[in-house]
Amino acid sequence: MSNEPSSHTLVPVQTEEFITATTGTPQNQQADSDDNNGKEKHNAPFLSLWELFVLFLGFGLNAWGGAVAQIALIQEAIVKERKWITPATFKKVYAVYQVLPGPEAAELCCYFGYLSRGRVGALVAGIAFILPGFLAMLFLSYIYVVFGLTNKYFLASFKALQPIVAAMVLRAVHKIAEETMVNHATGLFDRKILAFAILAGLNTALNINFFISLAVFGLATSAFGSASKYGPAAGWSILIVAYASAITYIALLGLPSETALGLGVSKTADLGHLSALGLVAGALSFGGAYTSFPFVLQEAVVIGGWITQKVFLDGVALANVLPAPTVIFSTFVGFWGGYHYYGESVGHGFAGAIVTTIGMFIPCFSFTIIGHNFFDSLVHKKSIASFLDGVSGSVVGIIAVTAVKLFHSAIESAASPPPGGSIDSQTASVNAVSSLMLYFLTLAVLYNFKDKTTNALVVIVGAITGQFLFL
């Protein structure tokens, strides 16, 4: 691969003396860059792959507190301290990844890895960032699945965590809505996107397939945002045809069953289906990890039936105490699926965790490895940007319905007997009330305390509280 500058090369702006002093590498060994990924000037040094791995592994080890804290950590270290790119360039890059699906922190790591060492650097930086959380989730999944299910103390803690996670999902709906209800072309609140979010929620409650809702409202938003004089008419036509078709279907065949919401990509938990589950969820995670919850829940719990909603919530709880993007809950789901599908095989549990996680992260890695500027130009096309606005807004409505279902499940689980045991009506009522209190207390904490450690502390305190409430 040539090190000579070309019209497509990421253009370094530092002096040779600066690079040699800071990295020990002459300027003519600046980053491998063989495509269009870097129109902006940058100061990224040419690091060895090991140096790059260690740098981003450090970010992964300190990735506590969710996406906002992770992005702030990366911005402080790479933009403000090391000055690889300017703050203005960072804003442009981050704006692209906010629109695209996938965890933005991991996408930014891939981007900065690319600036230093091209596509290989993007892959190394992304893997290094998610590795600590992935290994931690693998370990916790093993403990949970192999040792935890029959332990009364373990069960008590997770019974308390279920309403806490349900509250986290509801809070996430509000946070995601604050960003997705904005039209990216104008930067203003868009009432159409809000309306489509509400309609998508109603569609979900009626068991109309997720992907039909996303396509219809994405296309309608794109049509309404078109500069063509026929745009509004096209938008209304899309909505009228869609709802006329839905009404006709319901009139002839009745309401769809709950299984109609998904695609059925993971009816069983073999490795191929687990990989497909991760890939579909990763491609649809607009706005953060919580947007992938409805899809994984639908495919694995409702259609596949190979994991219960209670266990699913437990996996989400574990993800919230780890230094990793919250989509790492997919590792837990994959471990559970592989372990049980292959006859309680620990080896297949690990394999299931790996293929599901790879599937989940393939989309976000691909955006940088294929070409950041390609997607940059794509999402800034008005029709594509409007379509993605409609999809993102619709996802909010879908998550809102999922949040209600998780709340109901958490209260129901609290009042249910332990595996192989029994529970009297008075204890069941007390447990349900305790779960309800945990739910609203968690909401109060999440709305009033926004420190990066809040989620992890809430989960830890909740697990301890469960020892007193549910034993």
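This passage walks through the salt bridges, a helix pair, a buried glycine and the aromatic pairs of a predicted model.

The charged side chains make a good starting point. In total, four salt bridges are found. One of them joins Lys80 to Glu76, with 3.7 Å between the closest N and O atoms. Both residues belong to helix 3 (residues 66–81), where a spacing of four residues places Lys80 and Glu76 about one helical turn apart. Lys80 is partly exposed, at a relative accessible area of 48%, and Glu76 is also partly exposed, at 36%.

A further salt bridge connects Asp190 with Lys192, the closest N and O atoms lying 3.6 Å apart. Here the two partners fall into separate accessibility classes: Asp190 has a relative accessible area of 7% and is therefore buried, the limit being under 20%, whereas Lys192, at 36%, is partly exposed.

Lys405 and Glu258 form another salt bridge, in which the closest N and O atoms are 3.5 Å apart. This pair bridges distant parts of the chain, as 147 residues separate Lys405 from Glu258. Lys405 sits in helix 15 (residues 382–414), while Glu258 is found in the loop between helix 9 (231–253) and helix 10 (271–283). Partly exposed is the class of Lys405, with 28% relative accessibility, and Glu258 joins that class with 35%.

Helix 15 also takes part in helix packing. Its partner is helix 16 (residues 425–448); the two axes are 7 Å apart and make an angle of about 145°. The crossing of helix 15 with helix 16 is right-handed. On the helix 15 side, the contact is made by Phe407, Ala410, Ile411 and Ala414, which meet Asn431, Ala432, Ser435, Leu436 and Tyr439 of helix 16. Sorted by class, these residues comprise seven nonpolar and two polar ones, with no charged residue in the contact.

Attention can now turn to helix 13 (residues 329–341), which holds Gly337. With a relative accessibility of 3%, Gly337 is buried. Beyond its neighbours within four places in sequence, Gly337 touches Ala269, Leu274 and Trp306. The C-alpha atoms of Gly337 and Leu271 are 8.7 Å apart, although these positions lie 66 residues apart in sequence numbering.

Aromatic rings complete the picture. Across the whole structure, 26 aromatic pairs are found. Among them is the edge-to-face pair of Phe293 and Phe312, with ring centres 6.1 Å apart and planes at 85°. Phe293 belongs to helix 11 (residues 293–304) and Phe312 to helix 12 (residues 309–319), so this pair ties together parts of the chain that are 19 residues apart in sequence. Phe293 and Phe312 are both buried.

A stacked arrangement is seen for Phe335 and Tyr339, because their planes meet at 10°, with 6.2 Å between the ring centres. Like Gly337, Phe335 and Tyr339 are located in helix 13, and their spacing of four residues corresponds to about one turn of that helix. Both of these aromatic residues, Phe335 and Tyr339, are buried. They also belong to one aromatic cluster, which is made up of Tyr142, Phe147, Phe335, Tyr339 and Phe350.

Methods
Residues are numbered from 1 along each chain as its sequence is written. This is a predicted model: local features need pLDDT of at least 70, side-chain atom pairs count only at pLDDT 80 or more; totals for chains, interfaces and linings use all residues. Side-chain values use heavy atoms; hydrogens and water are left out. A salt bridge is a side-chain nitrogen of Lys or Arg within 4 Å of a carboxyl oxygen of Asp or Glu. Helices (H or I, at least four residues) and strands (E, at least two) are DSSP runs, numbered from the N terminus. Buried means under 20% relative accessible area, exposed over 50%, partly exposed in between (1.4 Å probe, protein chains only). Axes are lines fitted to C-alpha atoms, for helices over the stretch in contact, and angles run from 0 to 180 degrees between N-to-C directions. A crossing is left-handed if the near helix is turned anticlockwise from the far one by less than a right angle, and right-handed if clockwise. Contact means heavy atoms within 4.5 Å. Ala, Val, Leu, Ile, Met, Phe, Trp, Tyr, Cys and Pro count as nonpolar, Asp, Glu, Lys and Arg as charged, and the others, Gly among them, as polar. Rings of Phe, Tyr and Trp (its six-membered ring) pair if their centres lie within 6.5 Å; planes under 30 degrees apart count as stacked, over 60 as edge-to-face and the rest as tilted.
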